[in-house]
Amino acid sequence: MITQVKRQDHYAELFLRSLDNNDQPEWLKALRSNAFDYFLINGFPSVEDEEWKYTSTAPIAREKFELAENAAEIPSIENFLISESKESRIVFFNGQFVKEASNLSALKGIKVLSFSEALNDSVSEKFIRENLANHVSYNKNGFTALNTAFIDEGLFLLIPANYRLEVPIQLLFLATQEKMAFPRVLIVAEKQSCLTLIESYSGFESEKYFTNSVIEVTLSEGAELKHYRIQRESSEAFHITNTSIQISKNATYDSTNITFGAKWSRHDIVTNFHGEGGQAFVDGLYMVSGEQHTDTHSVIDHRFAYCTSRQNYKGIIDGKSRAVFNGKVFVRENARGTDAHQSNKNLLLSNEARVDTKPQLEIFNDDVRCSHGATVGQLEDEEIFYLLSRGINPMLARNLLTYGFAEEIINKITVDSVKQMLDETLLNRLSAKL
């Protein structure tokens, strides 16, 4: 209890300082204050909460991170940039959108505004009031409450109707030693627009810091979004992201989520259908080793008829690491004609590795096609023997099979430099060269 009070006092001091230093409208300050009140009362979630049964937040609670109050000195970011997005990169440093480090040359016609800029624009301010914290509520848990309480220079991205961007946008998130960052991004894609988004989190060597981000996306009728999320935080970092996707009539959301980094990480992704004929493909790969802990909670909510969803997650768990996967699919009473399938396959590379997987279906309509399944296992002896019989040494044989297991997910990525980078990272983790 004493530790909890000290932690809350620390956050309270930082919050009051942040609130006083911001010239924000009263409705936003009220939202932030309500969110912080929720955190003071509830704190971080505990393992007694069913949604956090296998992931303890105690390691974060024990830390005392400071809040970065400005982003004046940004280290070199060249090693983190994606070549296809050299003129469409948006940089966050310590949780704040930094326009000076970004390059928006290829984004003409798209509104790319910091929250302070957007709140001074009548059209953008309306979008923000209607959507901010509407889909990721601050009372979801203590993490979303803290992110909302510390909203500062977030990003508002508005893609106009019928706009098709040929190059991918990179959202690059960086943080530094002993800091905590609260990135907030609000994206609205209007009718028939088309966009590829690369959301990448990276860190510097073995620095310890805490990233707590919230990404809210609204896809209007017929809009299309390819969304690649790549988490390669520092080996000592703590990371949590809450992603919310709203899919309107005939819109398509196609995501690939890659988790390689952080000492402790969690990704909550919630996909909601808001019209008939929508499509969602929510796939991912997590690869952890040593004493890493990663947790993925995915929810797809079918509220309208004739929507399609696919979830395909794979995990590679080595050393003493632990992975958690919880995938839920809801099919509501009015969602006739739903086509939903879910799969989670896990590969354990050591006897001390552990995975907890829980695929779920809740169906309230008879006119549907749904399936779900999960597997946990090790490499097949027969497959290893086959490679050994062809002169391949045992270590390389194991690495080839592991690489093949992961490639189904990585091959979904259509941005060449991203795919190459992930291949190299995967091979380095396997200590192999093909």
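In this predicted model, helix 9 (residues 416-430) lies across strand 9 (194-202), strand 11, strand 13 and strand 15. The helix runs at about 30 degrees to strand 11. Helix 8 (residues 394-410) also packs on the sheet, where its contacts are strand 13, strand 15 (279-288), strand 17 (308-317) and strand 19 (338-348). Against strand 17, the direction of helix 8 makes an angle of about 150 degrees. Strand 13 and strand 15 thus turn up in the contact lists of helix 9 and of helix 8.

As for the sheet itself, 10 strands build an open arrangement with mixed pairing, and their order reads 3-2-6-9-11-13-15-17-19-21. At the edges sit strand 3 (96-103) and strand 21 (368-377), each with a pairing partner on one side only. Neighbouring strands are turned by 10 degrees against each other on average, with direction ignored. To pick out one pair, strand 11 (residues 224-232) and strand 13 (residues 252-259) run in the parallel sense and share eight bridges. Within this pair, Asn257 of strand 13 is the residue that Arg229 stands opposite.

Elsewhere, helix 2 (residues 26-42) packs with helix 6 (residues 142-149), the two making an angle of about 145 degrees with axes 8 Å apart. The crossing of helix 2 past helix 6 is left-handed. Helix 2 brings Leu31, Arg32, Ala35, Phe36, Tyr38 and Phe39 to the contact, and helix 6 answers with Gly142, Ala145, Leu146, Thr148 and Ala149. Sorted by class, the residues of this contact come out as eight nonpolar, two polar and one charged.

Then there is the empty space. Rolling a probe the size of a water molecule over the atoms shows where such space is left. Searching the whole structure turns up three cavities of 30 Å³ or more. The largest holds about 110 Å³, and 15 residues line it, with Glu50, Tyr54, His297, Val324 and Asn326 nearest its centre. Strand 16 (293-302), strand 18 (322-331) and strand 20 (354-363) each contribute at least two residues to that lining. The lining of the largest cavity splits into four nonpolar, four polar and seven charged residues.

The second largest cavity comes in at about 40 Å³. Around the second largest cavity are Phe92, Gly95, Phe173, Leu174, Ala175, Ala181, Pro183, Tyr201, Thr211 and Glu233. Here the class count is seven nonpolar, two polar and one charged.

Notes. Residues numbered from 1 in each chain as written. Predicted model: local features only at pLDDT ≥ 70, side-chain atom pairs only at ≥ 80, totals over all residues. Heavy atoms only, no water. 1 Å grid on protein atoms, 1.4 Å probe; cavity = no way out; pocket = protein on both sides within 12 Å on 5 of 7 lines; lining within 4 Å. Points joined across faces, edges and corners; volume = space filled by probe spheres on them. Helix = DSSP H or I, 4+ residues; strand = E, 2+ residues; numbered from the N terminus. Nonpolar A, V, L, I, M, F, W, Y, C, P; charged D, E, K, R; others polar. Pairing = 2+ DSSP bridges. Axes fitted to C-alpha atoms, helices over the stretch in contact; angles between N-to-C directions. Contact = heavy atoms within 4.5 Å. Left-handed = near helix turned anticlockwise from the far one by under 90°.
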